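Here is a walk through one protein chain, from its overall make-up to the pairing of its strands. Please keep the sequence and the model in view while reading.

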Amino acid sequence: MKNITFLLIAVLAAPCVFAQQGAGLEGKMAPKAQQALAAQAEITELPAEAPAVEKDAALLEQTAAAPEAGEGFVAKREEVAEETPAKTPRVVYNPKNRRDPTLSPDDFLLLQYREQQRLAAIEAERQRKLAEERRKREEAERLRQLELARIKDPTREVRNKIKVGGIIGQEVFIGSRIYTVGKSIYGARIVEVRPEEVVFSYKGHKFVRKVQLK
């Protein structure tokens with residue numbers, strides 16, 4: 001029992017003895033071991049991050065210094081470099097003649113002749129249509145002039161139909177019949193008989209017809 005008590009006291013007192021001895025002792029160490037310990041002891045001290053409160057204060061200061069985004073405020077436009085499209089090389093084909101290289105000279109000559117004939121036929125048809133239109137315009141103009149002349153001089157309707165064959169005294173030979181003053185032919189009335197001509201009246205207009213021996 002005594003031995004056990006003594007052993008417990010010795011165990012409890014041992015750390016205190018060793019601590020006192022270590023405080024008064026100075027030991028020596030090899031240079032390489034000292035360098036290894038120094039390398040392990042170097043610790044890079046990183047700057048401590050600012051607290052969240054300081055960050056919020058800095059953000060508020062920047063916001064107050066910046067111009068307020070409102071009416072009349074235009075944000076700075078970011079310049080974007082425009083891409084220049086690549087230039088496509090221009091290919092120019094300038095053959096010496098228009099002949100299809102897949103055709104023989106004889107075939108090309110035949111096709112060229114047929115093309116000339118086709119173009120000539122188209123031109124002839126165009127000229128024919130132009131001539132037809134011109135003829136229609138001329139005919140319409142002729143009829144218009146006749147109508148105007150008939151309105152201005154209605155005696156044209158009958159005077160070309162009357163052919164005086166001879167005059168004896170006051171008798172007039174027209175065709176195979178004899179007419180005197182006051183008689184009418186084709187609506188035209190004889191108003192006067194002269195030695196070589198006869199005066200007619202038609203629709204209020206007078207005209208003269210001379211003797212025609214032939």
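The paragraphs below take the chain as a whole and then its strands.

The model is predicted, so local features need pLDDT of at least 70 and side-chain atom pairs count only at pLDDT 80 or more, while totals for chains, interfaces and linings use all residues. Residues are numbered from 1 along each chain as its sequence is written, and side-chain values use heavy atoms, with hydrogens and water left out.

The chain has five helices and seven strands, where helices (H or I, at least four residues) and strands (E, at least two) are DSSP runs numbered from the N terminus. Along the sequence the pattern is α-α-α-α-α-β-β-β-β-β-β-β. Of the 214 residues, 11% are buried, meaning under 20% relative accessible area with a 1.4 Å probe, protein chains only. The accessible surface (Shrake-Rupley method, 1.4 Å probe) is about 20,000 Å², and carbon and sulfur atoms hold 56% of that.

Strands 1, 2 and 3 form an open sheet in the order 1-2-3, with antiparallel pairing; two strands pair if DSSP finds at least two bridges between them. Strand 1 (164-168) and strand 3 (177-179) are the edges, each with a single partner strand, so one side of each has no neighbour in the sheet. From one strand to the next the twist averages 30°, an angle between N-to-C directions, on a scale from 0 to 180 degrees, of axes fitted to C-alpha atoms. Strand 1 pairs with strand 2 (residues 171-174) over four bridges, and valine 164 has isoleucine 174 in strand 2 as its bridge partner.

Strand 6 (residues 197-202) and strand 7 (residues 205-210) are antiparallel over six bridges. Serine 201 lies opposite lysine 206 of strand 7. Two residues separate the strands of this hairpin, and lysine 203 has a positive phi near 55°.

How values were computed: Buried < 20%, exposed > 50% of the residue type's maximum accessible area, 1.4 Å probe, protein only.
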